[in-house]
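Follow the chain through its loops first, then its strands and its core. The sequence and the model are shown below.

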Amino acid sequence: DTPDEDNQPLESRVRENRQHGSEGGEVGSLPYPYRCDVYSIPQLWFAPTQAGKVVTSGSRRYRSGQGGTIMSQAATKPIPVPDAISAPFFDGAREGKLMLQHCAACNAWSFPVRERCPHCFAAKLEWRPASGRGSLYTFTIMHQVMNPGFASSVPYNVAQVDLEEGVRMVSNVVGIGNADLRPGMKLEVVFEDVGENVSIPKFRPVAG
């Protein structure tokens, strides 16, 4: 008798997938949603909420908070689609502002987006513009192309940035070579236009 594939451990199904699958094709008898090669799962650009959908778009460019273009590059990558919860974050990014939630009860900042303050659990979170300044906590360098849209970008960095407000944000550091990244270096926010009316925050070294 053939064992019921739905009762097989996930590890064995993924192992079979990797041995017999091809990117984007049917794989053995694996049930949905495992009918793809484990290495073809696409990476998503930074987004402050996991609830949003993604679409693809064309060109991208980086803007400072004052709206100046500092970099341009053609690409096709997943683009975050703001939802009701994350809309204030993306509305601010489009205007060149880094928006964070602030608790009116305990005066603490929070990120990522949530409905209650993680410090005092009060439902008194308000959106406020942050300073946009911080420091590099740590980073990793991506060499593998997990999605064709990233082919022209590898190797690229994925960074954790400690903001002055006391929250940590995952983003990318731009305007500097990966070899020159150093934990603790001072950073400031810039905004990348990634689609129609959609911008996301990135960070660059503070001049001087």
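Asn107 lies in the loop between strand E5 (99-103) and E6; helices (H or I, at least four residues) and strands (E, at least two) are DSSP runs, numbered from the N terminus. Although not a glycine, Asn107 has a positive phi of about 70°. At 55% relative accessibility, Asn107 counts as exposed, where exposed means over 50% relative accessible area, buried under 20%, and partly exposed in between (1.4 Å probe, protein chains only).

This is a predicted model, in which local features need pLDDT of at least 70 and side-chain atom pairs count only at pLDDT 80 or more, while totals for chains, interfaces and linings use all residues. Residues are numbered from 1 along each chain as its sequence is written, and side-chain values use heavy atoms, with hydrogens and water left out.

The loop between E6 and E7 also holds a residue with positive phi: Phe121, which is not a glycine and has phi near 65°. Phe121 is exposed, with a relative accessible area of 58%. Pro112 is found in the loop between strand E6 (109-110) and strand E7 (125-129), and a cis peptide bond, with omega about 5°, joins Phe111 to Pro112. Another cis peptide bond runs from Val154 to Pro155, with omega near -5°. Pro155 sits in the loop between strand E8 (133-142) and E9.

The strands on either side of these loops can be taken next. E6, E5 and E7 form, in that order, an open sheet of 3 strands with antiparallel pairing; two strands pair if DSSP finds at least two bridges between them. E6 and E7 are the edge strands, each pairing on one side only. Between E5 and E7, which run antiparallel, there are 5 bridges. Leu100 has Arg128 in E7 as its bridge partner. Strands of a sheet pair through backbone hydrogen bonds, either parallel or antiparallel.

Further along the chain, E11 and E12 form a hairpin with 2 residues between them. Asn197, in the turn, has a positive phi of about 65°. The two strands E11 and E12 pair in the antiparallel sense over 8 bridges, and Phe191 stands opposite Pro201 in E12. Because 6 of the 8 residues of E12 are buried, E12 is largely enclosed by the rest of the structure.

The largest nonpolar core has 25 residues; such a core is a set of buried Ala, Val, Leu, Ile, Met, Phe, Trp, Tyr and Cys residues joined through side-chain atoms within 4.5 Å. Leu98, Leu100, Leu136, Leu163, Met169, Leu187 and Phe203 have the most contacts inside this core. Helix H2 (87-94), strand E9 (156-163), strand E11 (186-195) and strand E12 (198-205) each give two or more residues to this core, and E11 gives the most, with 4 residues. Leu187 touches, among others more than four places away in sequence, Leu136, Val161, Val173 and Phe203, a contact being heavy atoms within 4.5 Å.

Some totals describe the chain as a whole. Its secondary structure comes to 2 helices and 12 strands, in the order α-β-β-β-β-α-β-β-β-β-β-β-β-β from the N terminus on. Of the 208 residues, 39% count as buried. Among contacts with a separation of 6 or more, 53% are between residues 24 or more positions apart. The protein chain exposes about 11,700 Å², of which carbon and sulfur atoms supply 49%; accessible areas come from the Shrake-Rupley method with a 1.4 Å probe, and for residues only the protein chains shown count as cover.
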